[in-house]
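Got a model to poke at? Let's go through it in a few quick questions and answers.

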Amino acid sequence: MTGPLVGTDWLAERLGAPGLVVFDASVGAHRGADHRIPGARPFDLDGALSDHEAAAPHTMPSAAAFTGAMRELGVDDTSTVVVYDGFGIYSSARAWWMLRAMGFDRAAVLDGGLPAWKTAGLPVEATGPAYDGPRGSFTARPRAGLVVDSAAVVAALADPAAAVLDARTRGRFAGTAPEPRPGLRGGHMPGAVNLPFGDLQDPAGRMRPAAELREAFAAAAGERERLYVSCGSGVTACVLALGADLAGYRELAVYDGSWSEWGVPSALPVVTGGLTPPRVRVPAPSAGRARARRLGA
């Protein structure tokens, strides 16, 4: 692999090769679809690959749980992994970032996902039973700072060298559109900047060229090179992480709890409106509110 993104031609030429693992990381309405790329295995973000004991959805599982899940799915430390989803590039980026955060770099996202695969006239098969092949030898080696909690975001909001980018729609960011999860406040973090994840994709659902991505991030973050990305539940924030990586940014972190945590009524501040307000002092969350992340963040 030459980077975190591969095209349909690249995958089609290698499909079925020894050591290649293809994952379907679809969520929501696309989860459990009746067809898949041949041989694809389920990377179930709505199931075993999230920590369901956590308050927020799609929370990163522990290193031990992630190791166990990857071994059950037949992943070795030497495997090459390609992840796709049924939307295009949506939840597949989350799976890619989780693998990276767990110390695995031999993974990439399929550009355009399953829609691009089908548009190219490439074969699909009926979705079969869960993977029941040989166990893998994968071992998670967590990297500190790639997945962070609200305390790290509080610090980033006060750091002039860092930018906090929100991948939600403009209406949700401004507080003019309702949140899809009940009980959450509308609006955004004071000092955060809106960069909807769809702005990084072309009309066909593929990631834009690196130069265009760099331009989009520069417009949002200015000269700041340290980026913290957030969304509704830590899924589409990873599309921003993917885009930033393709654009050449290297200091990246995903806020795992995202708005599902920050938006809960609490002392964490929320502002509304379409324009990002000036930086303000953000109080640190109480010990009871700060969720300790298992990745050392």
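Q: In which loop is the place of His 58?
A: This is a predicted model, so to speak of local features takes pLDDT of at least 70 and side-chain atom pairs count only at pLDDT 80 or more, while totals for chains, interfaces and linings use all residues. Residues are numbered from 1 along each chain as its sequence is written, and side-chain values use heavy atoms, with hydrogens and water left out. Helices (H or I, at least four residues) and strands (E, at least two) are DSSP runs numbered from the N terminus. In those terms, His 58 sits in the loop between strand 4 and helix 2 (63-72).

Q: Is His 58 buried or exposed?
A: His 58 has a positive phi, near 60°, though it isn't a glycine. Buried means under 20% relative accessible area, exposed over 50%, and partly exposed in between (1.4 Å probe, protein chains only). With a relative accessible area of 14%, His 58 is buried.

Q: What is the relative accessible area of Ser 258?
A: Ser 258 is another non-glycine residue with positive phi, near 45°. You'll find Ser 258 in helix 9 (residues 258-262). Ser 258 is buried, with a relative accessible area of 0%.

Q: Which are the edge strands of the open sheet in the order 1-6-5-2-4?
A: Two strands pair if DSSP finds at least two bridges between them. Five strands make up this open sheet, and their pairing is parallel. Each edge strand pairs on one side only, and the two are strand 1 (5-6) and strand 4 (41-42).

Q: Which residue in strand 4 does Phe 23 stand opposite?
A: Strand 2 (residues 20-24) and strand 4 run parallel, joined by two bridges. Opposite Phe 23, in strand 4, stands Arg 41.

Q: What angle does the direction of helix 3 make with that of strand 6?
A: Contact means heavy atoms within 4.5 Å. Axes are lines fitted to C-alpha atoms, for helices over the stretch in contact, and angles run from 0 to 180 degrees between N-to-C directions. Helix 3 packs on the sheet, touching strand 5 (80-84) and strand 6 (107-110), and its direction makes with that of strand 6 an angle of about 175°.

Q: Which residue in strand 11 does Leu 165 stand opposite?
A: Another open sheet has five strands in the order 8-12-11-9-10, with parallel pairing. Strand 9 (residues 162-166) and strand 11 (residues 226-230) pair in the parallel sense over five bridges. Opposite Leu 165, in strand 11, stands Val 229.
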